[in-house]
Structure formats: C-alpha cells, structure tokens
Amino acid sequence: MADNVFIAFQNNAEAQPIIEAILEDNPAAVANESPGMVKIDCPGRLVVRRETVEEKMGRDFDLQEMHINLISLGGNIDEDDDEFVIAWNT
Amino acid sequence: MTVKHLGERYEFESENREARYGGDINFYIQWEKHLLYSCPSAYRAPVEMILRDFMEQMFKPDYATHPDTAKLDIETLEWELDQKPWQPELDKSFKDNGIGHMTYLQIRSPGLDGMFGTGI
Amino acid sequence: MAKAKRLGLKERYSLMTRGLDWETTYQPMDEVFPYDKYEGIKIIDWDKWEDPFRLTMESYWKYQSEKERKLYAILDAFQQNNGQLNISDARYMNAVKLWLQGITPLEYAAHRGFAHAGRAFRGAGARVACQMQSIDELRHAQTQLHAFSHYNKFFNGMHGFAHLRDRAWYLSIPKSFFEDAMSAGPFEFVTSISFAFEYVLTNLLFMPFVSGAAYNGDMATTTFGFSAQSDESRHMTLGLEVVKFMLEQHEDNVPIVQAWLDKWFWRGYRLLGLVGTMMDYMLPKKVMSWKEAWEIYWEENGIALFHDLSRYGIRLPKYHEVATKEKTRVTHELWATLYQYGNALGLHTWVPEDEELDWMSEKYGDLFDTMYRPRLLFLREQEQAGNRYFNNRLPMVCQVCQIPVFYTEPDDPQKQCVRIVEWADTKHHCCSDGCADIFNREPEKFVQSLIPPQQIYRGDAGGARDIFEYAEWLHLKKDIDTGEYNGSPDHQNWEAWQSQQPTPQANSDEAA
C-alpha cells in the first residue's frame with residue numbers, strides 16, 4: 001500500500017468546509033481529531049478542489065486562503081487555481 | 001574528514017585545552033548501575049590529588065543520596081580508564097595513576113548493583 | 001471594454017519571481033555571491049528552483065496580515081479575560097517557560113539565518129523564499145514574546161530569556177544547534193533547518209505539543225503555535241523542494257546532501273527530546289506520548305518522505321533505528337536529568353502524580369514499570385521526607401549536541417552510553433555514535449564548542465564556583481525560579497488563585 005500523505009487544519013469554523021470538501025473528494029481519506037486540530041491522512045495522493053470547497057462555503061474561495069488555517073502537511077505539493085494536490089511520487 | 005571552508009586555513013585550538021586549567025585537570029567518572037545519577041560527573045582537581053582522597057572526600061559526598069554509597073568499599077572496585085580495564089593504586093596521585101585531562105573513569109561495585117534490580 | 005483575462009497562479013508566480021535579478025558586470029558573480037559554491041553543491045540552472053505554493057510577495061503580505069489580525073484579536077481576549085487562570089495546572093507553565101527560553105530564541109536565530117542565506121544564494125527564486133521565511137521567523141519570535149509577556153506577570157522564571165539563552169547549560173542545546181547550522185554554508189543551512197528540522201521533525205513540536213497546549217487550556221500558546229505552524233507548512237514544503245532541487249541539479253550533490261541529512265536528522269532528534277519531555281511530563285493533561293508521536297510523525301510520515309526520496313539515491317538517515325529504539329526511554333531519562341540538576345534550571349521539576357504515572361505505565365509498559373516508575377517513587381519518598389534529591393555535581397556534556405550525557409546504550413537501558421573521540425591529542429566525549437560521527441566529520445569545528453560545565457570549571461562563568469553561584473550568574477533565584485515545584489511560589493500562588501484568595505504578590509522578579 002502507498003504511504004500516507006497528510007494535511008492538518010485548525011479545528012475551527014473556517015476550516016470546516018475545507019475538511020468536508022477533502023473528505024468528500026478523497027474517499028480513502030481519514031480524519032483524525034485531537035484538541036484544536038484535525039489531521040487528514042490519505043494513501044498516496046490527496047486533492048483539495050476549489051469548486052467543492054466553494055460549494056461547501058457558499059462563496060468564492062481562493063485555494064491560497066488555506067494558508068490561514070493550515071497547520072501542516074506531508075507530501076509533494078502541486079498547486080494551481082483549481083486544485084491543490086499532495087502526493088508521494090513512489 | 002575535514003571542514004570545508006573559505007580562506008586559507010581552518011584551524012582552532014580546543015576550547016577546553018588543558019593549558020586553561022592552571023595545572024589542574026578536568027576529568028569524568030561514572031558509577032555503573034547507579035542511574036539515579038543519570039550522567040557521568042565532571043570534576044576539576046589538581047593532578048597531585050591522591051585517588052583515595054578524591055573518592056572519600058569528593059566522590060562519596062556527591063553520591064550520598066544513593067543507599068549503596070554508605071556500603072561502598074573502594075578497595076574492591078573494578079575500574080575502567082577510557083573504557084579499558086585498568087587497575088589504579090588508590091594511594092597514588094592522579095598523575096602517577098595516569099589519570100589526565102579529559103580522562104573518563106568508570107567504576108563497578110560488585111554486589112552493589114543499584115536499586116530495584118534495574119541499575120538505578 | 002473587454003475585461004483583461006486574469007493570469008493563472010503559475011503565470012503569476014513566474015512573473016513575480018523570475019527575471020527580477022541580473023548578472024553583475026562591475027564585479028564577477030562569484031565575488032558578489034562568495035558563499036554558494038564552496039560547500040561543493042553544483043547548480044546548473046537556478047530557474048529550476050520552484051516554490052510549489054507559488055506564493056507571490058503580494059499574496060504573502062495579504063495572508064500574513066490576516067493571520068496577524070486573527071492572532072492578536074485572540075491574544076487581546078486572552079489577556080482581558082485573565083486567560084492565565086484557565087490553564088489546567090500551574091505545573092503546565094514550566095513547558096511554556098522552556099518554550100520561551102529554548103524555542104523562541106531559535107525563531108529569532110532562524111530569522112537571522114534565513115536573511116543570511118537569502119543574501120548568499122544567487123538564484124532569485126531561492127532568495128524570495130528565504131526572504132519570506134526570514135520575515136516569518138521574526139514574526140514567530142515576536143508573537144511568542146507577546147503571548148508569553150502576559151504569563152510573565154504571574155509566573156516566575158520568565159524574566160530574562162535572552163540573558164538565559166546566552167548562559168544557561170540546558171539552553172546551549174538549542175543554541176548550539178542553530179549556531180552549528182548558521183556557521184555552515186547556505187545550502188547546509190537550508191537543508192538543516194528547512195528540511196531536516198522543519199519537514200522531518202517540527203511536526204512533533206507544533207502538532208502534538210500545541211494540541212496538548214489546547215487541551216491544557218493555554219489559549220495563548222495554541223493560537224500562536226498553530227499560527228506559526230501555518231507558516232511552517234510553507235517552510236517544510238520549501239525544505240523538500242530545496243533538497244529535490246539539489247539532488248536533481250547534479251549527481252555529485254547526492255552524497256553531500258546525504259551526509260547533511262544524516263547529521264541533521266540526528267541533531268534534530270536529539271534536540272526534540274526536550275519537546276518529548278514537555279509532552280510526557282510537563283502537560284498535566286496528556287494528549288499523546290512521545291512514543292506515539294514518534295510512531296506517527298517519524299515512523300509513518302517521516303519514513304514515507306524518505307521512501308519518496310529513494311529515487312534520487314537517498315537512504316534513510318543513519319541511526320534512525322537507534323532513535324526508534326530510544327522512544328520508550330528518552331523522555332524518562334531526560335526528565336530524571338532535569339529533575340536532578342534542577343538547582344540550575346529556570347523552571348521547576350517534580351514527580352508526576354499517580355494518575356500520570358499510570359498513564360505512563362499504559363503508554364510505556366514494562367521498562368517504565370521496572371526502571372522509571374520505581375525511580376520516580378523513590379524521588380517522591382525522598383522529597384516527602386524533606387530530602388528532595390538534587391545532583392549538584394556538574395555533568396559530562398556531549399561535545400556535539402551539548403546534552404548532558406544521560407543516554408543509555410541502544411540495546412541496554414541500564415548501561416550509560418559514552419563515546420570518546422579524539423582530535424589533535426585532545427579527547428572529547430559524545431553521547432552517541434550519531435554525535436561521534438558528526439564530530440569526526442568536522443572535528444576542527446566541534447573542538448570549539450563552549451561546553452557549560454567546562455566553562456564553569458575554567459572560571460569563565462562569572463567566576464561561579466558551584467551550581468548555586470552559577471544559577472546566580474544566570475539571574476535565577478534559588479527555589480523561586482529554580483528547584484522543586486511543590487511549595488514553590490508558583491505553586492502557592494496557583495493554589496491561592498484557585499481558592500479565590502486575594503491575589504498574592506504575583507511575581508518577585510525584578511527585570512533582568
């Protein structure tokens with residue numbers, strides 16, 4: 001099985017729609033909560049899609065707004081206007 | 001290996017060189033199986049100090065909290081100097097025993113193996 | 001009027017970070033940038049340097065200012081509402097003191113280090129990334145000092161962090177870590193800090209520990225901690241890109257990078273023992289043990305990263321298996337060390353309560369029950385009999401990581417681990433094979449280490465002759481800033497505040 005990539009957010013109202021969007025777009029993703037934060041692990045590759053986040057938020061969303069509530073991540077990053085991808089290349 | 005550097009030379013004296021101790025030495029001792037004292041202890045002492053005096057007047061008071069210290073017989077210790085088995089003469093000086101600057105001594109006390117059967 | 005098409009993220013990044021520099025003509029480039037070649041790293045094309053977040057300076061300021069607004073709104077609320085009373089227990093504050101004394105100065109050191117690295121690199125992309133990180137690190141130092149300044153009104157030991165940083169034996173551990181990195185070349189510096197420390201290891205600091213701060217009611221630390229970590233994820237990503245950039249530029253770079261990864265993994269791991277000890281011992285309400293954090297953030301996430309790098313010919317860092325063997329021991333051995341040298345610490349130590357010992361038994365099993373629990377119970381008995389144990393004899397300290405040599409052999413938790421190294425007829429001592437290798441690779445560098453117990457014995461620590469005079473030289477007041485927690489002014493104040501007594505004199509320190 002592929003190694004997990006991960007992304008973690010502050011557990012607050014702003015990050016909630018982002019977390020929901022990730023879990024919806026990545027069926028293999030698992031959210032682990034600990035005080036103040038949520039860490040999402042996913043085998044091999046994880047994508048954050050702007051459109052899904054916008055649906056959840058009900059407003060326009062720039063993927064770079066994620067920086068405000070992002071805590072950490074593990075994996076190679078590729079970002080454009082529509083998708084933010086974390087993946088291992090192996 | 002050596003340090004990659006700019007310029008002609010990269011040479012420095014040791015910060016802790018013996019010359020900075022005014023004739024004394026800096027050395028270390030560790031009592032095996034007595035990890036209540038979690039690190040080897042560091043000392044500064046004159047090279048002419050007699051090893052027995054050091055053990056009685058400095059080492060034992062420093063280790064007074066351990067219940068084994070009261071029973072410690074320094075005549076029966078097994079010693080290592082710089083991690084090699086070694087037999088000192090207790091009534092000779094550090095210098096005559098070959099204990100020098102930055103020497104690392106270890107002692108083992110047969111029959112006294114610390115507390116709780118786990119070398120504490 | 002036709003609306004101009006908005007540029008995509010990749011084009012915006014390229015426009016804002018490329019072609020901003022020029023080839024110098026009055027002076028040769030190698031004279032203008034004298035530091036980015038001597039380490040042996042070969043760069044063919046600087047434009048291959050990528051920031052995967054593609055953050056332009058403009059968006060950087062936008063998001064950073066929003067982070068700051070959020071952070072300071074919370075800090076204001078925290079101060080106005082006497083947030084210091086909401087922490088789980090005043091023992092918790094000692095983790096905050098250690099953070100202020102040991103970690104905040106590192107943020108400032110990182111600010112300086114990245115400013116220097118940014119100046120040293122001739123590639124514009126690298127310079128922009130270092131500039132952002134340098135500003136981030138200054139922000140971290142400032143927000144931490146601001147958050148802690150409120151606690152300083154109520155708790156002891158927080159009055160002279162900068163003075164302590166330059167003098168205290170236990171703070172030479174983090175200080176020497178950064179000074180080793182900052183005195184190396186710019187490529188080693190970014191490998192050490194951005195990759196080995198930030199990517200591989202700081203998750204252990206900012207995730208489980210800050211989450212623990214949240215669990216212990218410390219709104220200030222949680223807020224700046226996670227705010228800092230949001231920058232950290234950018235730094236980590238930069239760290240990975242730096243490493244990939246070097247590895248992709250030239251095959252001759254691979255062994256150089258591998259040697260740095262070996263060195264800085266080990267140095268970072270040694271440093272993080274302090275964080276593990278904060279998690280296991282200094283959080284009254286526990287979130288995750290050091291052992292569990294190590295398993296998640298190193299054995300799972302860290303190793304995944306090295307699998308990814310194996311396609312460049314990079315292997316796992318040397319001695320990672322030793323670090324994993326030590327995961328059941330290191331925090332217990334380090335706490336016992338802090339406890340016994342507590343007369344020269346700017347924070348308090350104590351024996352944990354029974355429920356905490358039970359938690360440790362559950363997390364650490366047999367070894368805890370046979371070695372560390374009985375030792376802690378012995379210490380508690382001694383304390384209750386009015387015999388609080390202190391070791392006032394200075395310890396042997398590792399010539400490389402500067403940690404007192406308390407570690408035990410990787411395969412024998414009852415045997416002290418000491419390694420003797422030699423250079424130019426002088427012997428030195430290391431705590432491990434990892435540190436001995438680092439010494440032997442650059443002995444001329446490490447013979448210069450200023451080792452606090454040796455400094456004291458040479459008379460170079462203000463002439464202090466023993467541990468008590470040394471503590472005075474650190475501006476620490478005996479039993480107020482130092483020593484046992486039980487019965488300390490911090491403890492007494494806390495009890496009084498909890499029982500709604502009139503607030504006693506909050507803090508007995510004059511400014512240092």
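Colleague: Which chains share the most contacts in this predicted model?

Modeller: Of the two pairs of chains in contact, it is chains B and C that share the most contacts.

Colleague: What makes a residue of chain C count as being in contact with chain B?

Modeller: The C-beta atoms of the two residues, placed from the backbone, must lie within 7 Å, and by that criterion 45 residues of chain C are in contact with 37 residues of chain B. Several elements of chain C give two or more residues to this side, among them helix 14 (330–340), strand 2 (412–416) and helix 19 (452–457), while the largest share, five residues, comes from helix 16 of chain C. By class, the side of chain C that touches chain B has 21 nonpolar, 14 polar and 10 charged residues.

Colleague: How far apart are the closest C-alpha atoms of chain A and chain B?

Modeller: Those atoms lie 31 Å apart, and no contact joins chain A and chain B.

Colleague: Why is B:Met102 called buried?

Modeller: A residue is buried if 20 or more other C-beta atoms lie within 10 Å of its own, and B:Met102 has 20 of them within 10 Å, so B:Met102 is buried. This residue is found in the loop between helix 2 (94–97) and strand 5 (104–108) of chain B, and B:Met102 has a positive phi of about 70° although it is not a glycine.

Colleague: What makes C:Tyr319 buried?

Modeller: C:Tyr319 has 20 other C-beta atoms within 10 Å, and because the cut-off is 20 or more, C:Tyr319 is buried. C:Tyr319 lies in the loop between helix 12 (290–309) and helix 13 (320–325) of chain C, and its phi, near 70°, is a positive value in a residue other than glycine.

Key. Residues numbered from 1 in each chain as written. Chains lettered and ligands numbered in written order. Predicted model: local features only at pLDDT ≥ 70, side-chain atom pairs only at ≥ 80, totals over all residues. Helix = DSSP H or I, 4+ residues; strand = E, 2+ residues; numbered from the N terminus. Nonpolar A, V, L, I, M, F, W, Y, C, P; charged D, E, K, R; others polar. Buried ≥ 20, exposed ≤ 12 C-beta atoms within 10 Å, placed from the backbone.
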